[in-house]
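Visitor: Please take me on a close look at a single part of this model, beginning with the surroundings of a bound molecule. I would then like to follow the account outwards to the contacts between the chains.

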Amino acid sequence: DLAEIRERGVIRIAVAMGIPQYSYIDSNMQPAGSDVETARMLAEDLGVALELVEITNAARVPTIQTDKADLVVSALGITDERRQAIDFSVPYATLALVVAAPADIDISDYADLTGKRIALTRATTNDQDITANTTGAEILRFEDDATLITSVISGQVDIISSQSAVIGGINERRRGGPLEIKFIQRETNLGIGLAKGNPELLAWVDEWVVTNFDNGRLREVFTTYQHRDLPDDLTSR
Amino acid sequence: MQTFGTGHFIYLLNGLWWTIILSALAMSLGSIAGFIVMLGRISRRKWLVRLSGTWVQIIQGTPLLIQMFIIYFGLGVVGISVPALAAAAIATMIYASAYLGEIWRGCVQSIAKTQFEAAESMGLTRWQALRDVILPQAMRIATPPTVGFTVQLIKNTSLASVVGFLELTRAAQVINNSLFEPFLVFGIAAALYFAVCYPLSLWSRNLERKLNVGRR
Amino acid sequence: MSVAVKLDNVVKRYGALEVLKGVSFDIKAGEVVALIGASGSGKSTALRCINRLEQIQGGTIEVCGRAVNDDKVDLRALRQDVGMVFQQYNLFPHMTVGENVILALRRVKKISRADAVQISRKVLDQVGLLEKIDNYPEQLSGGQQQRVAIARSLAMQPKVMLFDEVTSALDPRLTGEVLRVMEDLAKGGMTMVVVTHEMGFARRAADRVIFMHHGNIHEEGDAAILNAPTTPELREFLEHDLN
Amino acid sequence: MSVAVKLDNVVKRYGALEVLKGVSFDIKAGEVVALIGASGSGKSTALRCINRLEQIQGGTIEVCGRAVNDDKVDLRALRQDVGMVFQQYNLFPHMTVGENVILALRRVKKISRADAVQISRKVLDQVGLLEKIDNYPEQLSGGQQQRVAIARSLAMQPKVMLFDEVTSALDPRLTGEVLRVMEDLAKGGMTMVVVTHEMGFARRAADRVIFMHHGNIHEEGDAAILNAPTTPELREFLEHDLN
Amino acid sequence: MSYQFNFAALVPYWPDFISGAWVTLQLTVGAVIFGMVIGVLCAIARRSRFVALRSVAGVYVETVRNTPFIVQIFFLFFGMSSVGVRMPIMVAAIFALVVNVGAYTAEIIRAGMDAIPKGQIEAAEALGLSQFQIYRDIILMPAIEKVYPALTSQFVLMMLTTSICSQISAEELTGVANNIQSNTFRSFETYIVIGLFYIGITLMMRFGFWLIGLYAFPRRRVMGGV
Ligand SMILES: Nc1ncnc2c1ncn2[C@@H]1O[C@H](COP(=O)(O)OP(=O)(O)OP(=O)(O)O)[C@@H](O)[C@H]1O
Ligand SMILES: Nc1ncnc2c1ncn2[C@@H]1O[C@H](COP(=O)(O)OP(=O)(O)OP(=O)(O)O)[C@@H](O)[C@H]1O
Ligand SMILES: [Mg+2]
Ligand SMILES: [Mg+2]
């Protein structure tokens with residue numbers, strides 16, 4: 001818990017590398033992205049050193065459950081299912097989930113996906129939404145965003161469900177015409193995850209998020225990487 | 001938009017370094033454990049044979065990925081925190097012990113039973129017979145399949161990424177996640193694997209050829 | 001003369017197949033016995049039972065006063081007393097001729113390296129192969145390999161030697177050489193049991209001949225029975241002998 | 001009588017080692033020839049050259065009027081004329097005795113299954129192994145395997161048979177049986193070349209004996225030369241014969 | 001740490017586990033059958049007299065054996081679609097597995113063929129059999145019989161490798177497990193359950209290969225030792 005972290009002088013924050021704009025490796029081979037920046041800020045404000053625990057997407061929850069890290073700051077959407085396994089802070093950022101496709105494909109809601117082939121990243125909120133809301137669509141689940149993006153760039157699939165931030169990256173490389181956003185599935189609130197039973201740590205993190213959201217530092221970090229603004233009422237959602 | 005540069009290449013080399021470290025750990029620890037498993041498999045005691053047989057069956061029957069996951073997170077569950085390197089090394093050691101044990105058992109048993117008989121009828125103990133007569137011969141037969149397994153193990157260490165281990169494949173994935181140039185990045189990773197594995201394969205083939213000539 | 005090997009009503013089965021059906025014979029110390037009989041009659045099996053490479057299902061075997069099929073028998077001591085030369089030689093292919101001979105001297109008898117080398121040179125000289133001491137088995141002809149196998153057993157100075165068809169791969173000349181070695185051993189008082197299908201060899205080598213038939217001893221006596229068999233089975237067996 | 005096999009100045013080398021140094025002999029149709037000589041003298045090699053399992057480096061070989069070492073020779077036709085029984089039997093371990101015999105009849109001679117089975121039963125009966133038709137080679141004793149190998153070759157009704165030490169694993173009784181089969185074949189007019197190290201067998205089986213020494217033919221003549229050798233080498237070779 | 005095991009949470013997902021196992025099985029069977037064919041052909045090619053054939057087979061075998069499966073499957077799946085060939089997932093996955101296991105099988109079977117005693121082949125030649133007949137009747141089955149244990153292990157290993165096919169969105173056991181654990185956060189329990197599934201499939205495979213062995217190698221029925 002909090003006292004232990006202070007005593008240790010190090011906070012271990014888990015980040016899944018490879019979520020575009022949130023956490024990735026920059027050209028200097030250093031971790032970068034809005035989540036990475038957020039983690040750095042948090043450690044600095046707590047007055048301890050930061051140890052980034054680089055993990056994979058699927059390991060985000062188990063890493064916290066088994067105490068391999070103190071916090072997870074990794075585009076982790078706050079859901080009821082996840083709340084049963086770990087605790088979340090108040091929202092610190094959002095993830096816009098969209099369905100995108102080339103211009104010549106006509107889709108405007110879930111019902112239009114019937115009979116189509118749609119790709120997404122496994123174990124994400126996109127996955128849950130699409131699985132729950134469509135019938136008769138062929139869903140291709142890739143293990144991470146990079147593979148998903150590769151599948152669209154290489155032309156294996158045309159329609160994807162992902163977070164809005166990846167669309168730009170895809171369109172830079174794609175040959176068969178750019179993707180456009182067909183509809184927004186939802187804007188998911190992202191929370192900082194931590195193990196259950198740490199009220200002090202949770203309280204500190206909550207307070208930190210609210211303070212830094214209000215003073216604009218968190219919003220600035222987000223906008224730098226994501227090129228969009230966060231909603232004003234985020235921390236009270 | 002970023003492009004592939006020397007920084008990326010060095011990052012991959014760093015991943016390759018960890019791949020080699022992990023493989024070396026797995027092979028050195030795994031061969032000790034594998035030797036013990038082999039002894040169990042050829043033992044005269046029924047229960048030892050059965051025990052080691054079950055071990056081999058279970059380990060060979062589950063993917064390395066799942067073994068890694070269970071060891072890394074499983075030890076965490078019971079409160080033992082192991083570093084990723086240790087977890088990956090333990091898992092690959094266990095994995096290697098089953099395969100090496102089985103490969104070596106096959107080799108030892110392929111040495112004609114009459115060699116054992118000849119040694120024993122000269123009064124050698126079972127252990128002396130094994131050490132002086134059987135193992136030196138089995139070792140020659142065992143080298144090609146052992147090298148073959150090593151090559152597979154080097155590639156399978158890529159599964160250690162599940163426990164957050166940044167070896168070659170994972171490094172390639174991380175780079176690809178920011179570059180989105182899968183053919184380039186994975187192509188280079190494949191070439192690096194090839195550069196490590198092919199000499200081993202070549203060596204084992206030459207060895208095999210030499211041994212075959214010996215037997216004629 | 002004391003009894004070196006004593007089989008009493010020995011029964012050996014492989015599953016349902018009864019290979020030895022109550023075999024009894026005594027071999028006196030210093031005696032040379034030839035074991036003959038048709039293929040599959042149980043000759044090799046009998047030899048293998050004597051130094052307990054096979055477990056027996058009935059009867060008793062005694063070698064130099066030791067109960068072989070007793071669970072508490074000191075197997076290593078037994079096997080120091082009994083040397084065996086296999087039909088297929090079973091040399092250790094990864095060792096030179098010299099190393100093959102030295103191995104058991106060092107490991108079992110714990111003799112110093114220098115002494116072991118000296119012994120190995122002596123026995124290899126005895127079988128006429130001293131100059132091959134640093135060759136590997138593969139580099140030898142069949143007959144030479146067979147003689148190395150003999151030398152390897154001799155080096156241990158066993159009290160009893162078991163030879164299983166040691167001349168099968170040899171032309172007349174080499175057969176003669178092996179015979180000469182065995183005659184030397186006999187003069188030195190060694191007990192020998194020789195399985196062979198060459199009657200000429202049995203005639204020359206053996207003090208006594210035991211004829212096995214379907215897992216039983218059917219006829220025995222001195223080498224003369226090869227010229228005047230009393231049972232029709234032995235007569236039939238010998239009838240086809242070309243010589 | 002016509003010539004079945006004709007070797008003219010045949011040279012065979014393995015690398016630098018000259019194994020056959022200009023060997024010449026004729027074998028007439030219907031003749032039985034024994035090839036004897038010390039281990040390594042080139043007997044097996046000579047047989048293997050006759051049905052072109054080995055390429056030769058000099059000279060010519062003719063079998064039933066065919067130039068064996070001609071590049072354009074019809075190898076399959078040649079091998080239908082020449083049967084070979086190997087020293088190591090070389091039975092196909094994954095096939096039963098019957099299947100071993102039938103295989104070439106079906107594949108090479110394209111005989112119907114029923115006819116092939118009938119032929120196989122006939123030849124197996126001839127070597128006394130009809131009841132083993134459904135057994136696998138491993139289930140047979142050495143002598144039985146050797147006889148199956150003979151039956152397998154016989155079934156193809158070759159004009160010439162090459163036997164390489166076909167009695168090495170046999171006791172006198174089985175050797176006798178094989179001899180009887182060969183005598184039947186000889187009566188039927190088959191040409192046979194027999195490599196053997198048993199002089200008794202050579203005496204009984206052969207019309208003519210060829211003694212090889214260091215890759216050359218050193219002496220030849222009818223079986224009488226085994227009793228009265230003219231060259232010192234053959235005399236020395238025979239000296240050690242125990243019979 | 002207080003981790004409470006809760007397998008009950010997984011009960012509603014049993015149809016998913018079953019369907020995952022079924023996909024794994026389909027991938028395995030497909031890959032074994034075609035991999036065997038490729039393996040035999042390549043083994044023969046590697047022993048061929050023709051240099052060209054030998055080297056083509058050699059390059060294929062060495063390339064595949066010395067690079068990771070994940071890279072191979074990426075190149076096949078995404079590479080093919082880059083040049084406009086879009087295959088159904090299962091076809092692509094089986095294709096990649098066949099390419100992979102074919103190379104390993106080729107090496108194993110080649111070793112078996114090399115171990116057939118030369119005398120056997122000479123005996124067949126002496127009987128007048130053609131090269132093709134010798135391969136079919138004398139070499140192939142005994143060679144496979146000799147390396148059958150190694151072959152079985154390789155195919156089991158390949159079955160375990162099918163888990164990587166989840167990378168290209170095949171819904172096999174591991175993929176399904178990842179779906180389920182992302183819903184339940186019972187990763188441990190999920191991995192333990194699919195671990196048991198894999199062991200079950202392994203046992204089934206070994207039993208299946210044993211049965212096939214009984215049928216394919218009648219000698220073993222008589223002599224024992226399958
Ligand atoms: N391991 C075994 N399992 C089953 N049967 C066996 C085994 N070993 C030998 N036999 C059988 O026991 C019988 C006797 O075999 P043994 O080797 O003693 O014969 P032998 O008299 O030495 O014959 P040969 O002259 O051919 O060497 C044979 O019928 C053989 O088939
Ligand atoms: N493949 C080979 N490579 C090199 N040398 C060989 C080969 N085959 C045979 N030789 C050599 O050729 C010589 C003749 O061999 P061959 O087998 O013809 O002898 P042999 O007269 O049949 O002897 P044996 O009575 O021992 O069967 C031997 O010195 C042998 O070492
Ligand atoms: Mg025997
Ligand atoms: Mg020969």
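**Around ligand 1, and outwards**

Guide: Let us begin with a helix: α1(C) contributes three residues to the shell around ligand 1, the largest contribution of any element. Please keep in mind that this is a predicted model.

The shell itself can be read along chain C. It takes in Tyr14(C), Leu17(C) and Val19(C), then the run Ala38(C), Ser39(C), Gly40(C), Ser41(C), Gly42(C), Lys43(C), Ser44(C) and Thr45(C), and finally Glu165(C). Sorted by type, these residues comprise four nonpolar, six polar and two charged ones.

Some of these residues have polar atoms facing the ligand. The side chain of Tyr14(C) places an N or O atom 3.5 Å from a nitrogen atom of ligand 1. With Lys43(C) the partner is a backbone N or O atom, 2.8 Å from an oxygen atom of the ligand. Thr45(C) uses its side chain, where a polar atom comes to 2.4 Å from an oxygen atom of ligand 1. As for cover, ligand 1 on its own would expose 640 Å², and the protein buries 59% of this area. Two elements of chain C give two or more residues each to the shell, namely β2 (17-28) and α1 (43-50).

Now turn to ligand 2, which sits with chain D. Its shell has 13 residues, and the closest of them are Ser39(D), Gly40(D), Lys43(D), Ser44(D) and Thr45(D). By type the shell holds four nonpolar, seven polar and two charged residues. The elements that each supply at least two of its residues are β2 (17-28) and α1 (43-50) of chain D, and α1(D) gives the most, with three.

The polar partners here include Tyr14(D), with an N or O atom of its side chain 3.4 Å from a nitrogen atom of ligand 2. Ser41(D) offers a polar backbone atom 3.3 Å from an oxygen atom of the ligand. Lys43(D) reaches ligand 2 with its side chain, where an N or O atom is 2.8 Å from a ligand oxygen atom. Ligand 2 taken alone exposes 640 Å², of which the protein buries 63%.

Stepping back to the whole assembly, six pairs of chains touch, and chains B and E have the most contacts among them. Chain B brings 32 residues to this contact and chain E brings 39. The size of an interface is often given as the accessible area lost when the parts come together. For chains B and E that area is about 3,200 Å², with 68% of it on carbon and sulfur atoms. There are zero salt bridges between these two chains, while nine residue pairs, both at pLDDT 80 or more, make polar contacts. On the side of chain B, at least two residues come from each of α2 (46-61), α3 (64-77), α4 (84-110), α6 (126-156), α7 (168-179) and α8 (182-215). The greatest contribution there is the 11 residues of α8(B). In total this side has 18 nonpolar, 11 polar and three charged residues.

Chain E has a contact with chain A too, joining 27 residues of chain E to 28 of chain A. About 2,300 Å² is buried between them, and carbon and sulfur atoms account for 51%. Here there are three salt bridges. One of them pairs Glu171(E) with Arg122(A), whose closest N and O atoms are 3.7 Å apart; it counts because the cut-off is 4 Å. The polar contacts across this interface come to 11 residue pairs, both residues at pLDDT 80 or more. On chain E's side, α3 (69-82) and α8 (173-184) each supply at least two residues. Of these helices, α8(E) provides the largest share of that side, seven residues. The side divides into 13 nonpolar, 12 polar and two charged residues.

Some chains remain apart. Chains B and D make no contact, and their closest C-alpha atoms are 14 Å from each other. Chain C, where we began, does not touch chain A, and 51 Å separates their nearest C-alpha atoms.

Key. Residues numbered from 1 in each chain as written. Chains lettered and ligands numbered in written order. Predicted model: local features only at pLDDT ≥ 70, side-chain atom pairs only at ≥ 80, totals over all residues. Heavy atoms only, no water. Near = heavy atom within 4 Å. Polar contact = N/O pair within 3.5 Å; in protein donor to acceptor, adjacent residues only side chain to side chain. Areas by Shrake-Rupley, 256 points an atom, 1.4 Å probe, with all protein chains shown as cover. Helix = DSSP H or I, 4+ residues; strand = E, 2+ residues; numbered from the N terminus. Nonpolar A, V, L, I, M, F, W, Y, C, P; charged D, E, K, R; others polar. Contact = heavy atoms within 4.5 Å. Buried area = accessible area lost by both parts, 1.4 Å probe. Salt bridge = Lys/Arg side-chain N within 4 Å of Asp/Glu carboxyl O.
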